[in-house]
Amino acid sequence: MTTASPAKGTALPWSGLLALTTAAFTAVLTELLPAGLLPRMAPALGVSEARVGFLVTGYAVASFLAAIPATAALRGLPRRPVLIGTLLGFACADAVVALSSSYAVTFGARLLAGVMGGTMWAMLAGYAARMVPAERRGRAIAVVLAGITLALSLGIPAGTALADAIGWRPAFGTLAGLALLVVVWIRRRVPAFPGELPGARVPLRRVAVLPGIPAVLSVTLFLLLGHQVMYTYVAPFTTHTGYGRTDVVLLVFGAATVVGIWATGALVDRWARPALLGALTLIVTVMCVLALYADSPAVLLTSVAAWGVAFGGAPTLIQTALVNASGPQHADVATSLQTTVYNAGIAGGSFTGGLALSGWGAGALPWTALPLVATALTVVVSGRHAFPTAADTSAPKGRGELRDQPPPNRSRPTTPDRP
């Protein structure tokens, strides 16, 4: 399997990218499936439903804590074996959950899965970026991140239905089998890339302050804060509006995210900045409409659909900006930072929404989310370096790549960048 750079103008390596998409799908399904199985898992493990819910919390905390140190420790190793190792970790963790009758053992398996998740999410976007020419980088990332959307909109409901039909233990066993199938797929269809050579490794603190990286991380944080304020408490908000059909609201949102990520894949390589500005502006508008007019079911569902389209595309647009700012050779480290910020945004948004719900009621949730998403929009508007138009760059290379190369005509020998 070659490690050469892809030729400009070549077709997307669909089989390899879809293998990474399925890896993302597997990771999200592993993370969130227990949330839909609380009543079934609790009696079998001899604990309350709340403690089963901690299986999701433990995964998220482990992912949050592991992303940066695991990426830093593994960045010198060949990329494909590391990716395969994370999937084998998922397979082991899901198999243990399927077989264990001990809550402590199950919780330990979930912590292992969280470490694997933090490591994998730091790799996927950079891996996709290295598989394609620079002018197709955004579309490749969109294809891979579609695995998240498919898991949320289709995978979780299907996994829950499978557990209803055959039991929750066989459902986790099936998930372990899926991880093993993805290992074979990646081994056959995903190219091998080397790790970073010791002399070429940029310290994490330097990657964190590369021009554009702080702005991208800020947008990630404020968008997730605002999004989670509303999404975490969509059920009480739906009840507050008088509509009450949370299942329909979530179905509309999930279907709309699929549309959003499809549209983003068509726009991201040529119109990334306008698309991100449009997505964030749409979410800001939706929060205003939900705050003022959500008592109309038609307005509620239309607004939720618009929110889903905008949010479905935003992560791909932000991730592409991050990879462009860091350069593909530093993308794993930059994405590990973003993974940590992403999880912090989820936790902080849920906490903030809970405070708003307790203090002012469900009607305050859109007003609470509004300034947070508006802050993300303001950062994009003012951050042309982090979120440029096509005309702002004369070459499609990542700006981190350009910065790492010494200028011409230096007297000392230079060392070219390596993947």
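R40 counts as partly exposed, at 29% relative accessibility; that label covers values between buried (under 20% relative accessible area) and exposed (over 50%), computed with a 1.4 Å probe on protein chains only. The structure you are looking at is a predicted model, in which local features need pLDDT of at least 70 and side-chain atom pairs count only at pLDDT 80 or more, while totals for chains, interfaces and linings use all residues. Residues are numbered from 1 along each chain as its sequence is written, and side-chain values use heavy atoms, with hydrogens and water left out.

What does the side chain of R40 meet in a salt bridge? The partner is D164, with 1.9 Å from N to O. A salt bridge here is a side-chain nitrogen of Lys or Arg within 4 Å of a carboxyl oxygen of Asp or Glu, and the count by this rule comes to one. R40 belongs to helix α2 and D164 to helix α6, so the pair ties together parts that are 124 residues apart in sequence. In general, side chains of opposite charge can pair when their charged atoms come close. D164 is partly exposed too, with a relative accessible area of 48%.

Now for the whole protein. The secondary structure comes to 15 helices and zero strands; these are DSSP runs numbered from the N terminus, with helices (H or I) of at least four residues and strands (E) of at least two. Of the 419 residues, 52% are buried. Among contacts (heavy atoms within 4.5 Å) between residues at least 6 apart in sequence, 86% join residues at least 24 apart.

Let's step inside. A nonpolar core is a set of buried Ala, Val, Leu, Ile, Met, Phe, Trp, Tyr and Cys residues joined through side-chain atoms within 4.5 Å. The largest one has 64 residues, and L20, M41, F90, F172 and I186 have the most contacts inside it. Elements that give two or more residues to this core run from α1 (14-32) through α7 (168-189), and α5 gives the most, with twelve residues. Apart from this core lies another, of 55 residues, with L225, I283, A369 and F387 among them.

F90 is a good place to look around: leaving aside neighbours within four places in sequence, its contacts are A27, T30, Y59, A113, M116, G117, M120 and A179.

Here are four residues side by side.

| Residue | Helix | Relative accessible area |
|---|---|---|
| A50 | α3 | 52%, exposed |
| F64 | α3 | 31%, partly exposed |
| T119 | α5 | 5%, buried |
| S336 | α13 (residues 331-360) | 0%, buried |

Which residues does buried S336 touch, beyond its neighbours within four places in sequence? They are A67, I68, T71 and A122. A polar atom of the S336 side chain also lies 2.6 Å from the backbone oxygen of V333. With the same kind of neighbours left aside, T119 is in contact with A70, L74, V82 and T86.

Back at the surface, F64 joins V61 and L65 in a nonpolar patch with about 260 Å² of accessible area together. Such patches are made of residues with over 30% relative accessible area and no salt bridge, with nonpolar side chains (Val, Leu, Ile, Met, Phe, Trp, Tyr) joined within 5 Å and like charges within 9 Å. The protein exposes about 17300 Å², of which carbon and sulfur atoms supply 68%; accessible areas come from the Shrake-Rupley method with a 1.4 Å probe, and for residues only the protein chains shown count as cover.

Conventions: Polar contact = N/O pair within 3.5 Å; in protein donor to acceptor, adjacent residues only side chain to side chain.
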